[in-house]
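Student: I am new to this structure and would like to start with one part of it. Please choose a single helix and go closely through what lies around it.

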Amino acid sequence: MSAPVYILGGYQSDFAKSWSRQGQDISHMVQEATQGVLDHAGLDTSAIESIHVGNAFGELQRQQAHLGSMVAQMTPELWGVPAMRHEGACASSSLGVLAAMAEIEAGRYDCVLVMGVEEFKNTSGNVASVNQNAAAWQGHEDIDCTYMWPAAFGLLAQEYERRYGLDRRHLNRIAEINYGNAKLNPLAQTRKWEFDALSFTDDDEANPIIEPGTRRQDCGQITDGACAVVLASARFAQAYAQKRGHGLEQLARIAGWGHRNAGLRLRDKIERSQGQTYIFPHVRQTIEDTWRRAGVSGIDAMSGIETHDCFTTTEYMAIDHLGLTAPGQSWQAVEDGTIAPGGRCPVNMSGGLIGCGHPVGATGTRMLWDAARQVTGQAEACQIEGAQRIQTLNIGGSCATVVSFVVEAGPA
């Protein structure tokens with residue numbers, strides 16, 4: 001069993017904010033998140049021994065790479081601290097968390113800052129959409145479309161329909177739940193959005209088709225945003241807790257993790273899984289790896305889930321891959337209220353990518369921080385009563401990169 005890794009604090013920017021409209025850019029996002037997480041954790045910059053930054057599209061959106069050094073550029077007290085950037089499409093900052101955990105487990109460092117950051121609103125929506133295609137296999141996906149990702153996950157909907165049958169009412173309900181959850185989240189991009197009675201139906205005016213299999217409300221919200229966490233070893237966390245007059249039971253801990261990859265091309269993944277139990281076997285393996293490392297038997301040990309709903313179809317996929325239902329039967333967990341607030345295993349109480357927003361490089365750390373807030377009772381209006389254990393599932397591209405964490409409170 002690996003050495004425990006604790007979450008000392010976190011910070012999320014307001015995902016509704018358009019930074020470029022206020023004369024700011026990704027550097028200011030990095031600065032705010034750095035100061036925000038240090039303030040929340042009550043730490044001085046001198047405590048930070050290593051830095052990891054997750055970002056997917058900085059070069060394309062802002063012509064800005066080398067973001068590991070951006071942290072010290074904007075917070076000069078961190079000059080000299082080793083830093084690096086991680087890219088794994090939408091799972092970029094989860095890779096940063098994995099790297100930080102490895103450093104802590106190896107005994108290299110005791111206190112590490114991990115940040116995810118992404119800027120999208122400085123370009124038009126069409127330009128940002130094209131830039132995101134870099135997370136696919138450019139020129140090789142064989143998908144005739146205007147918008148790659150709505151089309152790709154529309155194909156996933158079609159594959160569920162072919163294998164098991166699919167009723168779009170259940171996808172519409174997933175969107176409705178996540179937008180509803182986001183109204184309780186003061187940092188969610190869509191918290192003030194208004195919908196009507198037809199918004200979550202297949203009405204072509206209220207909820208138009210974007211690509212075959214995908215309508216407007218099925219889509220996660222690309223936005224600006226940053227989210228940072230401070231991770232620490234048991235030794236550092238114990239001293240940290242004692243200094244504040246409490247025990248480790250008041251701190252969140254990463255109890256288990258999983259990480260697997262597949263090839264870039266979506267059609268290859270779908271074709272390789274023909275005749276198998278799950279559409280994405282490597283996603284299921286990632287989830288099972290996480291349970292094994294956390295020492296739990298399965299989904300029944302979870303109080304809730306923060307999952308990657310870049311589209312309603314990815315949440316639909318997550319439901320059966322996580323074991324909330326049998327394969328192909330995700331609709332049951334939608335119909336019986338399992339995934340809704342107050343259900344057996346609420347999903348995306350934050351609002352998820354659909355409701356809270358999806359600043360791609362920041363999504364992994366945002367999920368982790370929301371999980372930590374849940375198990376320490378800090379999730380306020382989004383709180384799952386008595387939450388003891390939360391699992392995250394973060395994917396990059398068409399499930400090419402997959403990372404999952406289980407978060408608990410208290411000592412190992």
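The answer follows one helix through its packing, its cavities, a pocket and a contacting residue.

Tutor: The model is predicted, so local features need pLDDT of at least 70 and side-chain atom pairs pLDDT 80 or more, while totals for chains, interfaces and linings use all residues. Numbering runs from 1 along each chain as its sequence is written, and side-chain values use heavy atoms, without hydrogens or water.

The part chosen is helix α14, residues 363-375. Helices (H or I, at least four residues) and strands (E, at least two) are DSSP runs, numbered from the N terminus.

Begin with the packing. Helix α14 packs against helix α4, residues 92-105. The angle between the two is about 65°, and their axes are 5 Å apart. Axes here are lines fitted to C-alpha atoms over the stretch in contact, and angles run from 0 to 180 degrees between N-to-C directions. On the side of α14, the contact (heavy atoms within 4.5 Å) is made by Thr 363, Gly 364, Thr 365 and Leu 368. Their partners on α4 are Ser 93, Ser 94 and Val 97. By class, 5 residues of this contact are polar, 2 are nonpolar and none is charged. Ala, Val, Leu, Ile, Met, Phe, Trp, Tyr, Cys and Pro count as nonpolar, Asp, Glu, Lys and Arg as charged, and the others, Gly among them, as polar.

Next come the enclosed spaces. On a 1 Å grid over the protein atoms alone, a cavity is a set of points where a 1.4 Å probe fits but cannot get out, a pocket is an open set with protein on both sides within 12 Å along at least five of seven lines, and lining residues have an atom within 4 Å of a point. Points are joined across faces, edges and corners, and a volume is the space filled by probe spheres set on them.

The count is 2 cavities of 30 Å³ or more. The largest has a volume of about 50 Å³, and α14 gives the most to its lining, with 3 residues. The residues lining this cavity are Glu 306, Met 349, Ser 350, Asp 370, Arg 373, Gln 374, Ala 379 and Cys 382. They divide into 3 nonpolar, 2 polar and 3 charged.

The second largest cavity holds about 40 Å³. Gln 374 appears in its lining as well, together with Gly 304, Ile 305, Glu 306, Pro 346, Val 347, Asn 348, Met 349, Ile 384 and Ile 390. Here the largest share comes from strand β9, residues 304-307, again with 3 residues. This lining has 6 nonpolar, 3 polar and 1 charged residue. Glu 306, Met 349 and Gln 374 line both cavities.

Helix α14 also takes part in an open space, the second largest pocket, where α14 and β1 each supply at least two lining residues. About 260 Å³ of space lies in this pocket. Of its 16 lining residues, Leu 187, Trp 369, Arg 373, Gln 378 and Glu 380 lie nearest the centre. Arg 373 thus belongs to this pocket and also to the lining of the largest cavity. The classes in the pocket lining are 8 nonpolar, 5 polar and 3 charged.

For comparison, the largest pocket has about 840 Å³ of space. It has 38 lining residues, and those closest to its centre are Gln 132, Cys 219, Gly 220, Gln 221 and Ile 222. Two elements, α5 (125-132) and α6, give two or more residues to that lining. The largest share, 5 residues, is from α5. In that lining, 21 residues are nonpolar, 14 polar and 3 charged.

One last residue belongs to the picture. Phe 15 sits in the loop between β1 (5-12) and α1 (26-41). Leaving aside residues up to four places away in sequence, Phe 15 touches Arg 366, and also Lys 121, Leu 187, Gln 189, Thr 223, Asp 224, Gly 225, Ala 226, Cys 356, Gly 357 and Pro 359. Leu 187, in that list, is also one of the residues nearest the centre of the second largest pocket. Phe 15 has a relative accessible area of 0% and is therefore buried, where buried is under 20%, exposed over 50% and partly exposed in between (1.4 Å probe, protein chains only). The C-alpha atoms of Phe 15 and Pro 327, 312 residues apart along the chain, are separated by 33 Å.
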